[in-house]
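Reader: I've got a chain in front of me and plenty of terms I don't follow yet. Can we go through it together?

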Amino acid sequence: MSPALETSDAGRERRPATVRVWDPLVRIFHWSLVIAFVTAWATGDELQSVHEVAGYTIAGLVGIRLLWGLVGTKHARFSDFIYRPSTVIRYVFDTVLLRAKRFIGHNPAGGAMVMALLAMLAGLCGTGIMMTTDAFWGVEWVEEVHEALANLALILVGLHIAGVFAASIEHRENLVRAMFTGRKRAE
């Protein structure tokens, strides 16, 4: 099935018709989180004050996204993209076989990744904040958990990027561009 195409007044085909999927808050959240995470990762051992500001920024962004996941627009809501584990596993299997269904919003694997990243970032921010308190200042296990969560977050980010590229190729759709424009192909 070919994508629906817009037509000009002369009847010539133009680019595929699109629909608005990602609202401005989701897009600003996403790219702000990318910048804050890269900043936090790059400054972790060198520029503590910058690292902490980036960490608090991430904490604020995660809080906003959690709220927006409950009351936001259709495709921003968790109810739109949280699936049972069996559905996520089946979707990943179908993706490997290049037969995965296309979703307008997050696909089951993408939804699971959103939740995993939010949980990982919440844990990372929590341990980071703990390290700034008198009760946990210099406590080795808190620092080790923080570092382990940072490494796991990097792995999740890598899997997220790989998933975006795999879905973009499989469904012939630039998902990175969609996260800038907010629009995806209608069909």
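**Charges, surface and odd angles**

Author: Let's start with charge: the protein chain has 18 positive and 17 negative side chains, and the centres of the two sets lie 18 Å apart. This is a predicted model, where local features need pLDDT of at least 70, side-chain atom pairs count only at pLDDT 80 or more, and totals for chains, interfaces and linings use all residues. Residues are numbered from 1 along each chain as its sequence is written, and side-chain values use heavy atoms, with hydrogens and water left out.

Reader: What makes a side chain positive or negative here?

Author: Lys and Arg count as positive, Asp and Glu as negative, while His and the chain ends are not counted. Each charge is placed at NZ of Lys, CZ of Arg, CG of Asp or CD of Glu.

Reader: How do you know what counts as a helix or a strand?

Author: They are DSSP runs, numbered from the N terminus: H or I over at least four residues for a helix, E over at least two for a strand. The protein chain has seven helices and four strands, in the order β-β-β-α-α-α-α-α-α-α-β from the N terminus on.

Reader: Why is Val 96 called buried or exposed?

Author: Buried means under 20% relative accessible area, exposed over 50%, and partly exposed in between (1.4 Å probe, protein chains only). Val 96 has 63%, so Val 96 is exposed. Val 96 is found in helix α4, residues 85–96. Over the whole protein chain, 34% of the 187 residues count as buried.

Reader: What makes the nonpolar surface patch, and which residues are in it?

Author: Val 92, Phe 93, Val 96 and Leu 97 make it, with about 380 Å². Patch residues need over 30% relative accessible area and no salt bridge (a side-chain nitrogen of Lys or Arg within 4 Å of a carboxyl oxygen of Asp or Glu). Nonpolar side chains (Val, Leu, Ile, Met, Phe, Trp, Tyr) are joined within 5 Å, and like charges within 9 Å.

Reader: What is the phi of Leu 98?

Author: Leu 98 has a positive phi of about 55° and isn't a glycine. Most residues other than glycine have a negative phi. Leu 98 sits in the loop between α4 and α5 (108–130), and its 65% relative accessible area makes it exposed.

Reader: And where does Arg 172 lie?

Author: In the loop between α6 (140–170) and α7 (175–181). Arg 172 has a positive phi too, near 50°. Its relative accessibility is 73%, so Arg 172 counts as exposed.

Methods: Areas by Shrake-Rupley, 256 points an atom, 1.4 Å probe, with all protein chains shown as cover.
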